[in-house]
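Colleague: I've got the model open and a list of labels I'd like you to defend. Can we go through them one by one?

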Amino acid sequence: MTDLSRRSFAKYVSCLAPALAGLPTLAHAQADGGVGRIVVGYPPGGTLDQTARRLAEAWKAQNRAYVVDNRPGAAGRIANGQLKRERADGSVVLCTHTSAMTIYPHVYAKLSYDPVKDLRPVALLASATCVLAISSALPSEIRTLADYVRWLKAHDTGRTYASPAAGSLAQFLGYRFSQAAGVPLTHVAYRGSAPAMQDLLGGQVPAYLGFVGDFLQYLGSGKVRLLAATGERRSRFLKDVPTFAEQGFGTVAGLESYGVFAPASTPEATVAALAAATQAASRDKALAGGLEQIGLEATYLGSAEYAQLIAAERERWKPVVEASGFKADE
């Protein structure tokens, strides 16, 4: 190693050390119980909870001690509001879906948090593709999106679609599809994907816009038909399912993603260290494999890039939400 490269490396290490010192480590945890927390606004077992737990495991492999703190309620809004009251030292972070920062501000008249002023994006960790599925109770000749649109135009009944929650990204992707198809569709909101899938399988709802993970166990069963995915390209999990764009519905596009956030006043060095730890976790084979089991893809973006994505998506969805006329008070 040359003297110049030694000096450069030493300078890099000296800059990095203070940032890394801001994160709870296992040694620190053993000394004074200083275990960090990853706050999740949903109950144990859900996709967000599983994502956070896999992140905690990956961080543990980096000698960083964090546990998942479930604070369910109000579609994650309680946990999101809680974060702004936590210490801004990297010891408490939030794992939530990006739509809580991009769509919720247009949906809810009152939020307990300001996505811009109260929370700071640390890193994007995972993404999920939305998929339109129809019930096997619908005529067997409906095999493509074009078939489905023709059937909708010929039948006044059956013009409904379900989503996992009111105000969700899936709801507004369905609205975009309704606009593009020229067919008025009624949205049916469920409290989670499990009851929505149950009614889809039972034929109580004709169509459901859910996420890839909802359908993996039913592939090849004939119980549901997957017509279109909302990604720019086909999902790695559903290579035989064309995108909406491939079928002439290019405006029906969007992914849900899951990211890590810190209180807004968290120091830059601490945010940088958290982002670096998340980037390292995204390369962890155990984390990537665990995400794949629930239909997610490890998709890393750093703090600045993630903030730019959130700002752009917030503006993108604003006119869509407004045009839908949907508002929620609580």
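Colleague: Which residues does lysine 153 touch, leaving aside its neighbours within four places in sequence?

Modeller: Bear in mind that this is a predicted model. In it, lysine 153 is in contact with Arg159, Ala181 and Val183 once those neighbours are left out. Contact here asks for heavy atoms within 4.5 Å. With alanine 181, lysine 153 has a C-alpha to C-alpha distance of 9.1 Å, and 28 residues separate the two in sequence.

Colleague: Why is lysine 153 called exposed?

Modeller: Its relative accessible area is 52%, and the label needs over 50%, so lysine 153 counts as exposed. As for where lysine 153 sits, that's helix H7, residues 145-154.

Colleague: And how much of the chain is buried?

Modeller: Buried residues come to 49% of the 330 in the chain. The cut-off for that word is under 20% relative accessible area. The chain has 13 helices and ten strands. Of the contacts with a separation of 6 or more, 76% are between residues 24 or more positions apart.

Colleague: On to helix packing. What makes H8 roughly perpendicular to H13?

Modeller: H8 and H13 pack at about 75°, with 10 Å between their axes. Angles from 65 to 115 degrees count as roughly perpendicular, so that is the label for H8 against H13. On the H8 side the contact is made by Leu169, Phe172, Leu173, Tyr175, Arg176 and Gln179, and on the H13 side by Trp317, Val320, Val321, Ala323 and Ser324. By class, that's eight nonpolar, two polar and one charged.

Colleague: H8 turns up again around the largest cavity, I think. What lines that cavity?

Modeller: Its lining is Leu132, Tyr148, Tyr161, Gly174, Phe177, Leu185, Ala207 and Leu209. H8 and strand E7 (207-211) are the elements giving two or more residues. The volume is about 30 Å³, and the count of cavities of 30 Å³ or more is one.

Colleague: How do you know which class the one polar residue in that lining belongs to, and who is it?

Modeller: The lining has seven nonpolar, one polar and no charged residues. Gly counts as polar while Tyr counts as nonpolar, so the polar one is Gly174.

Colleague: Now the pockets. What volume does the largest pocket have, and what is closest to its centre?

Modeller: About 1100 Å³. It has 42 lining residues, with Tyr42, Pro164, Ala165, Gly192 and Ser193 the closest to the centre. Helix H3 (47-61), helix H8 (169-181), helix H9 (193-202), helix H10 (212-215) and strand E9 (255-263) each give two or more residues to the lining. By class the lining holds 25 nonpolar, twelve polar and five charged residues.

Colleague: And what about the second largest pocket: which residues lie nearest its centre?

Modeller: Ser127, Glu232, Gly254, Leu255 and Glu256, out of 28 lining residues. The volume is about 600 Å³. Helix H5 (99-102), strand E4 (119-135), E9, strand E10 (297-301) and helix H13 (303-324) each supply at least two residues.

Colleague: How does that lining divide by class?

Modeller: Nine nonpolar, eleven polar and eight charged. Glu counts as charged and Ser and Gly as polar, so among the residues nearest the centre Glu232 and Glu256 fall in the charged class, and Ser127 and Gly254 in the polar one.

Notes
Residues numbered from 1 in each chain as written. Predicted model: local features only at pLDDT ≥ 70, side-chain atom pairs only at ≥ 80, totals over all residues. Heavy atoms only, no water. Helix = DSSP H or I, 4+ residues; strand = E, 2+ residues; numbered from the N terminus. Buried < 20%, exposed > 50% of the residue type's maximum accessible area, 1.4 Å probe, protein only. 1 Å grid on protein atoms, 1.4 Å probe; cavity = no way out; pocket = protein on both sides within 12 Å on 5 of 7 lines; lining within 4 Å. Points joined across faces, edges and corners; volume = space filled by probe spheres on them. Axes fitted to C-alpha atoms, helices over the stretch in contact; angles between N-to-C directions. Parallel < 35°, antiparallel > 145°, perpendicular 65-115°, else oblique.
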